[in-house]
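Good morning, and thank you for the time. Please look at the sequence and the structure as they come up, and I shall then take you through several places in turn.

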Amino acid sequence: MTFDARLAAVGLEKPDYGGRELGAVLPAALAAVGASHAVTGRSADADRIRLGVPRGRHVIVVILDGLGHQQLDERRGHAPFLRSMVSGRITAGFPTTTATSLGLFGTGEPSGRTGMAGYSVRNPRTGELANLVSWDGAYRAEEWQPRPSLLEEAAREGLTVTTLGKARFAGSGLTHAALRGGAFIGAERLDDRIDVAIGVARRPGISYLYWGEIDAAGHRYGWGSSEWVAALEDADRELQRLARSLPPDAVLLITADHGMVDITGAPRWDVAHEPGLKEGVALVAGEPRALHLHLEPGVSPDAVVARWQDILGVHAAVGTRDDIVEARLIGQLDPAVADRFGDVVVAMAGRATVVDSATQPAKSLLLIGVHGSLTPEELYVPLLTVAAR
């Protein structure tokens with residue numbers, strides 16, 4: 001069975017790179033304000049037309065971390081503003097995780113070009129795990145992620161560019177890797193960020209606003225929880241205020257970096273306690289829904305693929321690095337970042353997970369909501385549009 005067939009057999013889908021996908025959002029926004037010349041390697045105006053983004057003097061792009069299209073649809077009664085907008089859905093990339101998605105959003109290029117291969121990644125210089133959210137264990141961001149930042153290119157061309165997030169993110173490795181460029185304004189609360197966004201939208205340019213509370217609630221309590229719903233209601237209320245306060249000729253785009261599945265009661269394997277999974281594997285990177293297996297010298301990737309697929313069965317699609325490249329899960333692979341990806345890659349199906357208690361922090365093993373794989377619940381995110389009148 002081909003790897004494509006394995007994906008389909010277990011209900012996994014593929015990113016729509018070059019189509020309706022997260023990597024098209026920022027190019028479309030730049031084209032909308034007349035800055036398509038800042039985008040190289042893709043047609044920004046074609047992205048704008050494909051995604052239905054109207055032209056404007058200022059575009060605000062909001063990323064609501066963890067708000068999948070299907071989760072929003074199932075809880076639309078708690079989000080009257082978001083459900084009222086001109087809406088559609090797009091795909092994230094692979095894996096469906098924040099570091100990878102912000103790399104895709106900020107550069108317009110998949111992880112095979114950016115090297116943003118997951119939540120945790122093997123650092124090729126040390127052989128140890130690097131965390132691409134906290135940036136612990138990684139090296140200089142501009143070296144790790146070699147592709148141009150679209151915000152940086154736009155700012156270099158003279159466009160006013162503003163990023164809104166927590167103050168501590170201003171100098172973070174992830175920000176520099178994916179979203180460097182322009183001015184960063186720190187604001188802790190969502191209502192404060194909305195106030196700033198309303199002010200900067202009065203000038204021509206582009207602004208990006210990130211909000212992470214929906215994802216945080218989902219990880220801790222599950223996306224079906226009352227806490228998750230409360231986080232969605234808070235975001236819906238503040239984004240409605242932003243939309244009502246847009247100055248003339250401004251455009252608001254709202255999207256997300258990934259969706260989520262709740263895993264309570266679902267099958268779980270622990271590499272540290274499963275000899276058939278541990279055999280030949282030197283290091284497990286990634287996350288419980290999308291794993292990179294770095295093998296011991298001389299171990300055959302095909303043998304590991306066969307053994308893992310036999311153990312996990314219908315709960316995963318397992319392939320070699322070449323398999324995921326051929327299937328276009330990570331776009332075109334740049335040889336300069338190929339060593340960030342496992343010799344074997346595992347995409348989990350349903351709600352199943354594989355953990356490695358030998359390397360994962362204990363608190364991460366307690367998460368209820370997780371993501372990373374290619375189920376529709378994780379892959380599809382909303383794209384919502386409001387144009388001021």
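Let me begin with Arg328, which counts as partly exposed because its relative accessibility is 43%. Please keep in mind throughout that this is a predicted model. Arg328 sits in the loop that runs between helix H16 (321–326) and E14. Its phi is near 65 degrees, a positive value in a residue other than glycine.

Asp249 may be described in similar terms. Phi of Asp249 is near 65 degrees, and here too the positive value belongs to a residue other than glycine. The loop in question connects helix H13 (226–244) and strand E8 (250–255). With a relative accessibility of 44%, Asp249 counts as partly exposed.

One further backbone feature deserves mention. The peptide bond from Phe94 to Pro95 is cis, and its omega is near -5 degrees. Pro95 belongs to the loop between strand E2 (86–91) and helix H6 (98–107).

I turn now to helix H2, residues 25–32. How many of the residues of helix H2 are buried? The count is 8 of the 8, so the helix is largely enclosed by the rest of the structure. Among these buried residues are Val25, Leu26, Pro27 and Leu30, and the alanines Ala28, Ala29, Ala31 and Ala32 are buried as well. After H2 comes Gly34, with a positive phi near 80 degrees.

The next point is the packing of H2 against helix H3, residues 44–51. The two helices pack at an angle of about 100 degrees, and their axes are 7 Å apart. Angles of 65 to 115 degrees count as roughly perpendicular, and H2 is therefore roughly perpendicular to H3. On the H2 side, the contact involves Val25, Pro27, Ala28, Ala31 and Ala32. These meet Ala44, Asp45, Asp47, Arg48 and Leu51 in H3. Sorted by class, the contact has 7 nonpolar, no polar and 3 charged residues.

Arg20 lies in the loop between helix H1 (3–9) and H2. Is Arg20 buried or partly exposed? Its relative accessible area is 28%, and Arg20 is partly exposed because buried means under 20%. Beyond its neighbours within four places in sequence, Arg20 is in contact with Arg50 and Leu51, and also with Gly88, Arg89, Ile90 and Thr91. Leu51 appears here again, having already been listed among the H3 residues that meet H2. For a sense of scale, the C-alpha atoms of Arg20 and Ile198 are separated by 28 Å, the two residues being 178 residues apart along the chain.

My last region is strand E13, residues 316–320. The strand is mostly covered, with 5 of its 5 residues buried. Which residues cover its two sides? Ala316, Val318 and Thr320 lie on one side, Ala317 and Gly319 lie on the other, and all are buried. E13 pairs with strand E14, residues 344–348, in the antiparallel sense over 5 bridges. Within this pair, Ala316 stands opposite Met348 in E14.

Gln309, in helix H15 (residues 301–312), brings us to the same strand from another direction. Its side chain reaches the backbone nitrogen of Val318 at 2.9 Å. Leaving aside neighbours within four places in sequence, Gln309 is in contact with Ala316, Ala317 and Val318, as well as with Arg6.

That concludes the presentation, and I would welcome your questions.

Notes. Residues numbered from 1 in each chain as written. Predicted model: local features only at pLDDT ≥ 70, side-chain atom pairs only at ≥ 80, totals over all residues. Heavy atoms only, no water. Helix = DSSP H or I, 4+ residues; strand = E, 2+ residues; numbered from the N terminus. Polar contact = N/O pair within 3.5 Å; in protein donor to acceptor, adjacent residues only side chain to side chain. Contact = heavy atoms within 4.5 Å. Buried < 20%, exposed > 50% of the residue type's maximum accessible area, 1.4 Å probe, protein only. Axes fitted to C-alpha atoms, helices over the stretch in contact; angles between N-to-C directions. Parallel < 35°, antiparallel > 145°, perpendicular 65-115°, else oblique. Nonpolar A, V, L, I, M, F, W, Y, C, P; charged D, E, K, R; others polar. Pairing = 2+ DSSP bridges.
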